[in-house]
Amino acid sequence: MKARVVALCVVLMGGVVGLQALHEHRGGPPASTSTNLLYVRSPEAMRRLALSYDALLADTYWIRAVQHFGETRRSTESTNRYDLLFPLLDLTVSLDPYFNVPYQFGAIFLAEEPPGGPGRPDLAIALLEKGLKAQPEKWEFAQAIGFVHYWSRQDYPEAAAWFAKAARFPNAPNWMAPLAATTLAVGGSRESSRQLWRQVAESEDAGDWFRREAGRRLQQLDAMDQIDQLQRAVSSYAARTGRQASGWGELNQAGYLRGNPVDPTGVPYRIDAGVVGLDRQSRLNPLPTAGVKIGLPQ
Amino acid sequence: MRTIRHVAVNVFKECVRDKVLYNLVAFASLLIAVSYLLGQLTAGQDVKIVKDLGLAAIAIFGLLISVFIGIGLVWKEVERRSIYGLLSKPIRRSEFIIGKYAGLALTLFVNVAVMTVVFYAVLAYLNTQFPEVVRTAWPAPATDPGMLRAIVLIFVELLLVTAIALFFSTFSSPFLSAALTCGLWVIGHFNADLRNFEAVVESRPAALLARGLYYILPNFAAFDIKNQVVHALPVPAGYVVTTALYGCVYIALLITGAVAIFSRRDFK
């Protein structure tokens with residue numbers, strides 16, 4: 001009797017698994033038209049609905065924000081870009097104002113131009129100002145606002161003003177005041193950009209993904225320096241021979257290079273009609289627009 | 001005192017027989033599964049989220065036990081007619097009520113204690129999964145003993161919910177008792193709104209009524225310091241002691257009320 005029951009259970013479980021596999025094979029339920037929905041957008045209403053579980057709800061919204069960002073970044077659709085990112089981050093920090101990572105995340109990715117982000121520095125600043133209101137002692141938020149002005153708006157005087165403001169916080173690090181001065185003096189130069197990202201990469205307070213992003217930006221800056229050098233070699237070769245090099249081999253033979261150059265991630269550089277650039281496979285793509293974002297020496 | 005202890009131990013044994021402690025397995029499984037899966041979803045916020053989830057789960061599991069066992073403490077005895085046999089013995093009605101309450105309080109204590117141990121064990125494991133440079137960026141260590149302050153207040157909150165459930169169960173049906181207990185628990189989280197009611201209404205009597213309710217109804221929001229301990233924000237010991245004292249006085253009031261009502265009940 002017992003063996004029969006066990007056998008029946010095994011058969012039924014096999015049926016369930018088989019039908020689920022069939023369901024998966026057929027592509028699941030018909031496509032829905034409404035995938036990106038946020039039923040409650042009001043942080044105040046959500047805080048009340050959460051009762052004493054606001055932190056747990058904040059975590060849920062944080063996970064949703066990360067998923068939404070990752071999903072949208074990987075998506076190839078041109079519509080519906082990052083439209084929930086700000087509301088999700090805003091709900092997260094409204095429910096848990098001391099949850100610092102969403103502010104930093106928003107500072108970088110809300111401001112980033114499409115396709116890497118929604119290109120909304122105003123929302124990034126709004127989120128950070130909300131953070132400063134909740135935690136007025138956090139110099140990191142003032143620094144991040146300066147950061148957004150620096151990178152996304154290229155408003156170097158405003159960026160320097162925010163860095164100077166951050167430097168006046170009682171617990172601000174001692175490199176903040178020189179950073180403000182450098183930004184004011186040579187804002188937009190590649191070297192000041194490098195200094196900015198290096199501070200982030202070495203910051204103990206930054207999250208792991210934030211440090212990784214800073215590392216990638218530093219690699220982009222290195223790649224831009226290398227591309228400049230390679231471009232000079234390619235131009236010099238063209239001037240001497242009267243024709244563009246078709247590949248790195250010609251430049252090697254002519255003694256301009258020793259080996260095929262690779263970017264900081266190990267992917268070979270591409271040379272196309274005399275113009276040097278990153279290979280499509282490189283994860284450093286897209287490089288910030290030269291001369292606008294990072295301020296190439298003119 | 002001995003009678004109370006006997007009743008309490010019997011309630012605890014009954015809870016164990018009713019497999020109430022199985023929730024501990026659910027709690028442990030939930031935390032372990034979540035801590036394993038979260039790494040892929042949270043962009044490095046695993047420890048913070050496991051802390052939030054662990055504290056919330058201790059409160060929710062405890063709340064379910066408090067409400068659904070609390071409402072049946074007296075009702076079950078009446079329904080099964082075992083109350084006649086009990087009250088014919090040398091046992092006072094007050095001892096019966098206090099013993100029932102103490103038994104469920106003991107069950108809750110064991111539950112919360114075991115959940116706390118599992119919670120810290122999972123956090124200790126997570127702590128080993130991160131390098132030193134990441135750990136120094138956390139506002140508090142993974143196994144921060146400061147979180148015990150929140151757990152103490154969660155426990156006092158659960159004792160208060162149990163007292164409310166027991167109070168209602170002395171004179172109403174389980175369904176009504178559950179509804180009233182849950183209703184009070186929800187209202188207790190909106191206590192601050194009652195205090196500020198005069199800012200949104202013009203009627204003076206309505207404002208005074210709201211202010212009166214603010215003082216009378218249990219202030220459950222006061223017991224919630226989960227977020228503060230997770231972010232290592234200062235929570236003065238005085239606050240924890242005062243809030244726990246508030247809970248104890250309220251519990252004494254409810255137990256007194258429950259004893260008074262139960263003493264007047266006619267079981268003929």
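Here are three short exercises, with worked solutions, on a predicted model.

**Exercise 1.** Work out how helix 6 and helix 8 of chain B are oriented to each other, and what kinds of residue make their contact.

*Solution.* Start with the axes: those of helix 6 (residues 93-127) and helix 8 (residues 147-169) of chain B come within 10 Å and cross at roughly 150°. Angles over 145 degrees count as roughly antiparallel, so helix 6 of chain B is roughly antiparallel to helix 8 of chain B. The crossing of these two helices is right-handed. Next, look at the residues in contact: helix 6 of chain B contributes, among them, Tyr101(B), Leu104(B) and Leu108(B), while helix 8 of chain B contributes residues including Phe155(B), Leu158(B) and Leu159(B). Finally, sort the contact residues by type, which gives 11 nonpolar, two polar and one charged.

**Exercise 2.** Place Arg81(B) and Ala232(B) in chain B and decide how exposed each one is.

*Solution.* Take Arg81(B), found in the loop between helix 4 (72-79) and helix 5 (82-87) of chain B. Its phi is near 65°, a positive value in a residue other than glycine. Most residues other than glycine have a negative phi. Arg81(B) has 9 other C-beta atoms within 10 Å and is therefore exposed. Now turn to Ala232(B), in the loop between helix 12 (226-230) and helix 13 (237-264) of chain B. The phi of Ala232(B) is positive too, near 55°. Ala232(B) has 15 C-beta neighbours inside 10 Å, so Ala232(B) counts as partly exposed.

**Exercise 3.** Find the domains of chain A and the separation of their centres.

*Solution.* The domain assignment gives domain 1 (43-187) and domain 2 (188-298) of chain A. Taken over C-alpha atoms, the centres of these domains are separated by 28 Å.

Terms used
Residues numbered from 1 in each chain as written. Chains lettered and ligands numbered in written order. Predicted model: local features only at pLDDT ≥ 70, side-chain atom pairs only at ≥ 80, totals over all residues. Domains from an automatic or database assignment. Axes fitted to C-alpha atoms, helices over the stretch in contact; angles between N-to-C directions. Helix = DSSP H or I, 4+ residues; strand = E, 2+ residues; numbered from the N terminus. Parallel < 35°, antiparallel > 145°, perpendicular 65-115°, else oblique. Left-handed = near helix turned anticlockwise from the far one by under 90°. Contact = placed C-beta atoms within 7 Å. Nonpolar A, V, L, I, M, F, W, Y, C, P; charged D, E, K, R; others polar. Buried ≥ 20, exposed ≤ 12 C-beta atoms within 10 Å, placed from the backbone.
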